[in-house]
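Reader: Hi! I'm just starting out with protein structures, and I'd love a close look at one small part of this one. Could you walk me through a single residue and what lies around it?

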Amino acid sequence: MSTNNLQSCKRKKFLHGHGRQSSSIDDLGLDILVYEILIRLPAKGVGRSKCVCKEWLSVLSTRHFAMMHCRHISTSYNQKFIAIDSRLCSVFPLSCEDSGPLLNSRILLPFEAPWNKVNILTSFEGLLCVCFRNTGKLVIWNPLTRVFKEVSSSNSRGLYKPKSDAIGLYVDKTNDYKLLHIKRRRGRMWVHVYSSMFDSWHKITFSNKLRCWRGKPIWSNGTFCKGVLYFLVNCFIENKGVMLFGFDVESERFRLNTFPRFPHAYYDGNLVVVHKELHMFVTHGLPNWTVDLWRMEGESWVKLWVFPRIQPPIILSCSITHITSTGRFLVVSNDGVANEIDTTKKGVDCFLPLVWFHGLQGVIYSETLSSPDFISIKYAFLLCSF
């Protein structure tokens, strides 16, 4: 082939490829564009994409897309820490250096309750469960879309009592976000489940073993992993130690799970989900405290890591969250004192106090388009674009 013919062929290939590239967006079907490209955008990016045309607005405003988007996005870039320290919530990014994050934004609380009476109990897939201490009412809230739903009913279901009750957010196979509420009053226990799809509560029957408990066992809030909502129950008053119960969200039955055995008289645990697997930090060995990290494998537990001895023990009466973007753990005490654990380091270097966090009451959550209210989901999508 001559040089001129070779150059002509190359030019034709270039023009042909260039022409295909210029019309590639038009050639893509709406399904491919939405479920292969737009579904990978951060939640705020999806909100801005709704402004492109009416067709995009219609598709991106469906609950089906919201659920698919929540399953596909990576939490490494959208994890935030939200703290209620005034009528305006402070929101911090977590993809920062150890010196501490800069304030990212502020969100106006949409509730009528006084801000100092608002407690964030737990988070799940971008939804927060909030309690009003002055009334006991429970609210499910998405800070990004600004949509919230008060779930307490007129027959006293959904009224929360701090230090007595326990709650857990989860989603079932029908993509219905639900809230499980364990209510304890005067030695008796009730369990109810709220459905956001039907906006109603129904009662769950406890097993006889659980009904016979007396005293005041301390229930943790639920941790959802692989279709099961897990609760740690501290029963040392009843000389039963710590128990791990799992609530199967499909059968709606409780089951007693195994707990790592320790020879010490006192121990406590904190559940955390890491890479879709259930993990637990266990503090044991009073007065010389030791902290271990365990992972559940089938019906048993495997020890992964031993924390160096640091006084006082930082994992008692705390909540622990795994920061996906850094692989580290954030440990927040009940009074707002925070520390960081890096299991990739050794000795005391794995422990880092976070001064910027002290005194703030809040929780880590991921920005998603999940909605606690079926009716207002399209309105929620419009809000998150701003």
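Author: Happy to help; what follows is a short tour that starts from one valine and moves out to the strands beside it. Keep in mind as we go that this is a predicted model.

Let's begin with Val272, which sits in strand 17, the stretch covering residues 267-274. Is Val272 buried or exposed? Its relative accessible area is 4%, and because buried means under 20%, Val272 counts as buried.

Now look at what surrounds it. Setting aside neighbours within four places in sequence, Val272 is in contact with Glu277, Leu278, His279, Phe281, Ile320, Thr321, His322 and Phe329. Take Ile320 from that list: 48 residues separate Val272 and Ile320 along the sequence, yet their C-alpha atoms are 6.4 Å apart in space.

Next, follow the chain onward from strand 17. Strand 17 and strand 18 form a hairpin with two residues between the strands, and there His275 takes a positive phi near 50°. The two strands run antiparallel and are joined by eight bridges. One pairing to find on screen is Val274, which stands opposite Glu277 in strand 18.

Strand 18 itself spans residues 277-284 and is mostly covered, with seven of its eight residues buried. Strand 18 also pairs with strand 19 (residues 290-297), again in the antiparallel sense, over six bridges. Here Phe281 stands opposite Leu293 in strand 19. You have met Phe281 already, as one of the contacts of Val272, and that brings our tour back to where we started.

Definitions and conventions
Residues numbered from 1 in each chain as written. Predicted model: local features only at pLDDT ≥ 70, side-chain atom pairs only at ≥ 80, totals over all residues. Heavy atoms only, no water. Helix = DSSP H or I, 4+ residues; strand = E, 2+ residues; numbered from the N terminus. Buried < 20%, exposed > 50% of the residue type's maximum accessible area, 1.4 Å probe, protein only. Contact = heavy atoms within 4.5 Å. Pairing = 2+ DSSP bridges.
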